[in-house]
Every structure is written in C-alpha cells, then in structure tokens.
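Please work through the exercises below with the sequence and the model at hand, trying each task before reading its solution.

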Amino acid sequence: MSVTPDRAADGANRRQFFLAGVVALGVSVTGFVASTLRFLVPNVLYEPPGRFTIGNPADFPPGSVTFLEDRRLFVFNTAEGFYGVSSVCTHLGCNVKRGGPGFQCPCHGSQFDDSGRVARGPAPTPLAWYALSLSARGELVVDVDRTVGPDFRLRV
C-alpha cells in the first residue's frame with residue numbers, strides 16, 4: 001500500500017488539527033476549573049483579628065472606664081484589676097452607652113447592670129466579657145474570641 005504525497009500531507013494536517021483541538025480543550029477546562037476554585041476563595045478577610053493589643057496598662061488610669069470605639073469595647077481599670085466588656089448590644093448589635101449604674105442601648109432601650117447582665121429587655125443575653133492578658137512587651141492584649149465570666153480580673 002503506497003501513500004501519495006498529497007494524502008500524507010492531509011493526514012499530517014488532520015493530526016495537527018486534532019492535537020491543536022485537544023490542547024485548546026485542555027486549556028479551556030483548566031481555565032474553567034482554576035476560575036471556579038478561585039471564586040471559592042475570598043479575596044479579603046473582612047473580620048478584624050480576634051486578638052489585639054490596646055496599649056500599656058499605664059494608659060488606663062486607676063478607676064477609669066475607657067471606650068475603644070473602633071473595637072467596640074469598654075476597658076475598666078478598677079482596684080481589683082482590668083477587665084473588658086463588649087459594647088455590642090445582644091439584641092440587634094447597637095453600641096451601648098455607659099450611663100447611670102450600667103449600660104443602656106440607645107436603639108431599643110435595653111439596659112444592662114454594671115456586670116453586663118440584662119436588667120431590662122429586649123436584649124436576650126448579657127454583654128460579653130473578653131479575656132485580657134499581658135503581652136511579652138507588657139501591653140494589654142484583648143482576645144475577643146475568648147469570653148470570660150464577670151468575675152474575671154487581670155491584675156497587673
């Protein structure tokens with residue numbers, strides 16, 4: 001069986017065309033899979049870190065209550081020690097204000113006592129207390145991922 005030069009050239013052209021089609025299909029499938037996997041991974045982490053420093057203990061005078069607006073946190077420095085209470089109302093997430101003997105929510109009227117327990121609704125649960133610690137450099141560190149009880153105090 002002999003092959004004429006024109007048929008051999010056509011066969012080579014068909015093979016090259018088939019190979020180019022397979023390569024194009026592979027590139028398309030790879031691009032689709034890569035873009036699908038990339039869609040599943042978010043570009044940005046919107047949550048602030050759960051553990052952060054708030055400064056030197058000397059920055060909080062004895063007997064003071066400091067409101068850290070960007071962290072939505074009250075930091076108390078009492079004779080018993082430091083503690084941190086969330087300012088996020090457990091009803092709908094408004095910032096509570098320090099007023100009178102406890103905290104008051106200006107949005108819907110919830111009231112909390114000094115330890116953050118609900119004194120009057122509609123808030124369903126008490127304010128969160130966050131763990132405080134000292135860093136190696138001696139700065140106060142708040143861990144909002146770890147809640148503690150109202151008896152927690154950090155002695156410095």
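The exercises that follow deal with a predicted model, and they cover its sheet, its cysteines and a surface patch.

**Exercise 1. Describe the open sheet: in what order do its strands lie, and which strands are at the edges?**

Step 1. The open sheet is formed by 6 strands, which lie in the order 1-10-9-4-3-2 with antiparallel pairing.

Step 2. The edges are taken by strand 1 and strand 2, the latter spanning 65-68, since each of these pairs on one side only.

Step 3. As for the twist, neighbouring strands of this sheet are turned against each other by 30 degrees on average, with direction ignored.

Strands of a sheet can pair in a parallel or an antiparallel way, in both cases through backbone hydrogen bonds.

**Exercise 2. Follow the pairing from strand 2 to strand 9, and find how many bridges join strand 4 to strand 9.**

Step 1. Begin with strand 2, which pairs with strand 3 (residues 73-78) in the antiparallel sense over 4 bridges; here Val65 stands opposite Phe76 of strand 3.

Step 2. Continue to strand 4, which pairs with strand 3 over 6 bridges, again in the antiparallel sense. The two strands form a hairpin with 2 residues between them, and Thr78 stands opposite Gly81 in strand 4.

Step 3. Go on to strand 9 (residues 129-134), which runs antiparallel to strand 4 and is joined to it by 2 bridges. Gly84 has Tyr130 of strand 9 as its bridge partner.

Step 4. Finally, consider how strand 4 is covered: 6 of its 6 residues are buried, so that the strand counts as mostly covered.

**Exercise 3. Find which cysteines form the disulfide, and state which parts of the chain the pair ties together.**

Step 1. The structure holds 1 disulfide, and it is formed by Cys94 and Cys107, whose sulfur atoms are 2.3 Å apart.

Step 2. Cys94 lies in the loop between strand 4 (81-86) and strand 5 (97-99), while Cys107 lies in the loop between strand 6 (102-104) and strand 7 (111-112), so the pair ties together parts that are 13 residues apart in sequence.

Step 3. The torsion about the S-S bond of Cys94 and Cys107 is about -115 degrees, and the disulfide is therefore left-handed.

Step 4. Cys94 counts as buried because its relative accessibility is 16%, whereas Cys107, at 41%, counts as partly exposed; the cut-off for buried is under 20%.

**Exercise 4. Explain why Cys89 and Cys105 are not joined by a bond.**

Step 1. For Cys89, the closest cysteine sulfur is that of Cys105, and the distance of 3.8 Å is too far for a bond. A disulfide would need the sulfur atoms to be within 2.5 Å.

Step 2. Seen from Cys105, the closest cysteine sulfur belongs to Cys89, which again is too far away for a bond.

Step 3. Both cysteines can then be placed by their cover: Cys89 is buried at 3% relative accessibility, and Cys105 is buried with a relative accessible area of 4%.

**Exercise 5. Name the residues of the nonpolar surface patch, and determine where Val41 is placed.**

Step 1. The patch has an area of about 890 Å² and is made by Leu25, Val29, Phe32, Val33, Leu37, Phe39, Leu40 and Val41.

Step 2. Val41 has its place in the loop between helix 1 (5-40) and strand 1 (51-55).

Step 3. With a relative accessible area of 48%, Val41 is partly exposed, because exposed would require over 50%.

Terms used: Residues are numbered from 1 along each chain as its sequence is written. This is a predicted model: local features need pLDDT of at least 70, side-chain atom pairs count only at pLDDT 80 or more; totals for chains, interfaces and linings use all residues. Side-chain values use heavy atoms; hydrogens and water are left out. Patches are made of residues with over 30% relative accessible area and no salt bridge: like charges are joined within 9 Å, nonpolar side chains (Val, Leu, Ile, Met, Phe, Trp, Tyr) within 5 Å. Accessible areas come from the Shrake-Rupley method with a 1.4 Å probe; for residues, only the protein chains shown count as cover. A salt bridge is a side-chain nitrogen of Lys or Arg within 4 Å of a carboxyl oxygen of Asp or Glu. Buried means under 20% relative accessible area, exposed over 50%, partly exposed in between (1.4 Å probe, protein chains only). Two strands pair if DSSP finds at least two bridges between them. Axes are lines fitted to C-alpha atoms, for helices over the stretch in contact, and angles run from 0 to 180 degrees between N-to-C directions.
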